[in-house]
Amino acid sequence: MDIKQYVTDKLKNILISLGVEEPSVILERPKDPTHGDISCNAAMMYGKKLGRNPKEFAETIISSLGSDDKYIKSANIAGPGFINLLISDEYYRESLAEILTNKESFGSSATNAGKTANLEWVSANPTGPLHTGHGRQTALGKAIANLLEWTGYKVTREYYYNNAGKQMDNLARSVYARYRQIFESEYPLPEDCYAGEYIGEIAAVLEKEHGDALIDSDDKVFREAGENWCFGAIKQTLERLGIAHDVFYNESSLYESGKIKETLEEFKKRGLSYEKDGAVWLKTSELLKNKKDAADKVIVKATGEPTYRLPDMAYHIDKVQRGYDLIIDIFGADHGDTYKEVLAGMEGLGYDTSKIKVIIHQMVTFVQDGKPVKMSKRSDNVYYLDDLIDDVGADVAQFFFVMRSVNTHLDFDIALAKEESDKNPVFYLQYAHARISSILRNAKDVFPEYGENTVPDINLLKTPEELSLMKVLTVFPETVASAAVTYEPHKVITYLNEVAENYHRFYHNNRVIDAEAKELSYSRLKLCEAVKAVLKNGFDIIGITAPERM
RNA sequence: GCCCUCGUAGCUCAGAUGGAUAGAGCGUCGGUUUCCUAAACCGCAGGCCACAGGUUCGACUCCUGUCGAGGGUACCA
């Protein structure tokens, strides 16, 4: 049952009966437990409008509430006119029963049932393996996709890549040079080429399969070999992180389908583009909402090749046309400006961009021994995502990347992440899960008959730790809902911390398995099961495993 | 110059829709194990929420300005 909804409805009716037109009731969970379980500011909001003293108005509201409500234990006025409500233990006990019957699905909702969402992320071009710079986006997308599914969306996980541009030419030239070097060690590497060791590996594969027969071949062979190898590597890394995209959408197909040409012609037709210096320019200075920073941008170079903007627009138009209810893109802050141009261009063509939500995350600094780790692609001084996973494990990597709000710069402390100790915040959560699992295993020895069908007497749960733990558990669904609305998985982590904290405290003060007190043991075991279920569901959302032992 | 994000404890960061005495982890110091996992628990210390104005019953939160950090401002993506 949704207690907030229950209280909202109740208060709304009272306000209407007191003469408030179309009241909006805003409830909050007070930080300070002495302020009750749920708090409402309606008396302050509406008292003034009705010309009544807020405290006195609050009094009236409370008296209309009556004193025999099943779920509201008490109500009182505090401060300038807050109405603080205490929820009855009855509610918490019912909720516990609800968690136990819906274990795997507890926390999910049908808010967006029947709706479809497309989430596009990672989208690294196949010019090399994923590096740690891709890590944050990779982990975020995984968690956000999960969050969306938990609120009912059917999610398409999509990867867009560019296999047509300059970077792929560069890859082809780099592979060729390395290949050639196998036979002529003094063969020079071209300027700006990729320096990673993997280029040598690709060249070695070609040498093994074809000997020196490819020396006079054109770029195509090397480009394809490079693309295939890189994609293999990327997919393997994603698999280690438990990520599998449903759709791999490549830029070339936009040329083949004519969508790029179409988009370009539409701009011309509408007078939104013009030619200058041999290039085609988009009138972004007119299209962008913020006129201050607007200059026109090139969409087709003098060479005849489009810049990334044009295919990006064609691609997003295609996504809009596919009819999703929600379209999400995830980018790093280094791409922060371009999406505005893309959206402005689409709007210029009359497309509705209101369903597109762009998530920009700030950059990550990897810190080792208190110093930032420097990366440079040219010198092959690159920290690959695979190496990070080797160093800290997939769970820890996933957790650290998702741990912070996307709006803040992230410091990734490698030493801390590597540490398998109490300092590491991931283990604090996982340990709670492992601890419960252990207790449940032990319970079988003491109470062989205990199991799925055991009906506990929940009324026996009344220590402060037990009640506080039950209260925290009931908040899980609204936490998931709120995290999903803002696409912020880190909120789930903040919440899980609270669960783990409450559990550990409960554990220290309440003996779970006690052969002398069978009924109480049953109840506590059931409480443990509920906590385990909530932790497991939370871990599923943020994308880490729930260990049975540690 | 202009645009985006940020500035909260020694460090790393939470603080949804404005609310009551601003929180957590790490670090420091000190306690807890004959008992279900001590990767745990309990306690002490630590703050002009960058700064200055404004909006109102009320501002860490919203608005304006200043300072500082990161990112962008390509015929790269």
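**Exercise 1. Histidine 433 and its surroundings**

Find which residues histidine 433 is in contact with in this predicted model, leaving aside its neighbours within four places in sequence.

*Solution.*
Step 1: Select histidine 433 and list its contacts: Lys532, Leu535, Lys536, Phe539, Ala546, Pro547 and Glu548.
Step 2: Place the residue in its element. Histidine 433 sits in helix H17, which covers residues 425–446.
Step 3: Decide how enclosed histidine 433 is. Its relative accessible area is 1%, and the cut-off for buried is under 20%, so histidine 433 is buried.
Step 4: Look for a polar partner. A polar atom of the histidine 433 side chain lies 2.8 Å from the backbone oxygen of proline 547.

**Exercise 2. The RNA surface**

Work out which element gives the largest share of the surface near RNA strand B, and describe that surface by class.

*Solution.*
Step 1: Start with the residues around RNA strand B. There are 67 of them, and Lys48, Asn407, Tyr431, Arg435 and Arg511 come nearest.
Step 2: Sort the surface by element. The largest share, nine residues, comes from H17.
Step 3: Sort the surface by class. You should find 20 nonpolar, 23 polar and 24 charged residues.
Step 4: Turn to the RNA side. Among the atoms of RNA strand B within 4 Å of the protein, 66% belong to sugar or phosphate, and the rest belong to bases.
Step 5: Pick out individual polar pairs. Arginine 435 has a polar side-chain atom 2.2 Å from a phosphate oxygen of RNA strand B. For threonine 408, an N or O atom of the side chain is 3.1 Å from a phosphate oxygen of the RNA strand. Asparagine 162 places a polar side-chain atom 3.1 Å from a sugar or linking oxygen of RNA strand B.
Step 6: Note the elements that give two or more residues to this surface; among them are helix H2 (42–49), helix H6 (166–183) and helix H20 (490–509).

**Exercise 3. A methionine in helix H6**

Decide whether methionine 168 is buried or exposed, and find what it touches.

*Solution.*
Step 1: Locate methionine 168 in helix H6.
Step 2: Check its accessibility. The value is 0%, so methionine 168 is buried.
Step 3: List its contacts beyond four places in sequence: Pro126, Thr127, Asn162, Asn163, Arg223 and Glu227.
Step 4: Compare sequence with space. Methionine 168 and asparagine 125 are 43 residues apart in sequence, and their C-alpha atoms are 8.2 Å apart.

**Exercise 4. Helix H15 and the nonpolar core**

Explain why helix H15 is described as largely enclosed by the rest of the structure, then follow Phe399 into the core.

*Solution.*
Step 1: Count the buried residues of helix H15 (residues 394–402). Eight of the nine are buried, so the helix is largely enclosed by the rest of the structure.
Step 2: Name them: Asp395, Val396, Ala397, Gln398, Phe399, Phe400, Phe401 and Val402.
Step 3: Move to the largest nonpolar core, which has 119 residues. Those that touch the most other members are Leu148, Ile328, Leu388, Phe399, Phe401 and Leu525. Helix H21 (residues 518–542) gives this core its largest share, eleven residues.
Step 4: Zoom in on phenylalanine 399. Not counting residues up to four places away in sequence, it touches Pro425, Val426, Leu429, Ile493, Ile542 and Ile544.
Step 5: Look for another core. A second, separate one has 30 residues, including Leu254 and Phe331.

**Exercise 5. Following the strands**

Trace how strand S9 pairs with S8 and with S10.

*Solution.*
Step 1: Begin with strand S8 (residues 273–276). It runs antiparallel to S9, and four bridges join the two. One pair to find is lysine 276 with its bridge partner in S9, alanine 279.
Step 2: Inspect the hairpin of S8 and S9. Two residues lie between the strands, and aspartate 277 takes a positive phi near 55°.
Step 3: Continue to strand S10 (residues 297–300). Three bridges join S9 to S10, again with antiparallel strands. Here valine 280 stands opposite valine 300.
Step 4: Check the side chains of S9 (residues 279–282). Ala279 and Trp281 point one way, Val280 and Leu282 point the other way, and all are buried.

Technical notes: Residues numbered from 1 in each chain as written. Chains lettered and ligands numbered in written order. Predicted model: local features only at pLDDT ≥ 70, side-chain atom pairs only at ≥ 80, totals over all residues. Heavy atoms only, no water. Core = buried A, V, L, I, M, F, W, Y, C linked by side-chain atoms within 4.5 Å. Buried < 20%, exposed > 50% of the residue type's maximum accessible area, 1.4 Å probe, protein only. Contact = heavy atoms within 4.5 Å. Polar contact = N/O pair within 3.5 Å; in protein donor to acceptor, adjacent residues only side chain to side chain. Near = heavy atom within 4 Å. Nonpolar A, V, L, I, M, F, W, Y, C, P; charged D, E, K, R; others polar. Pairing = 2+ DSSP bridges.
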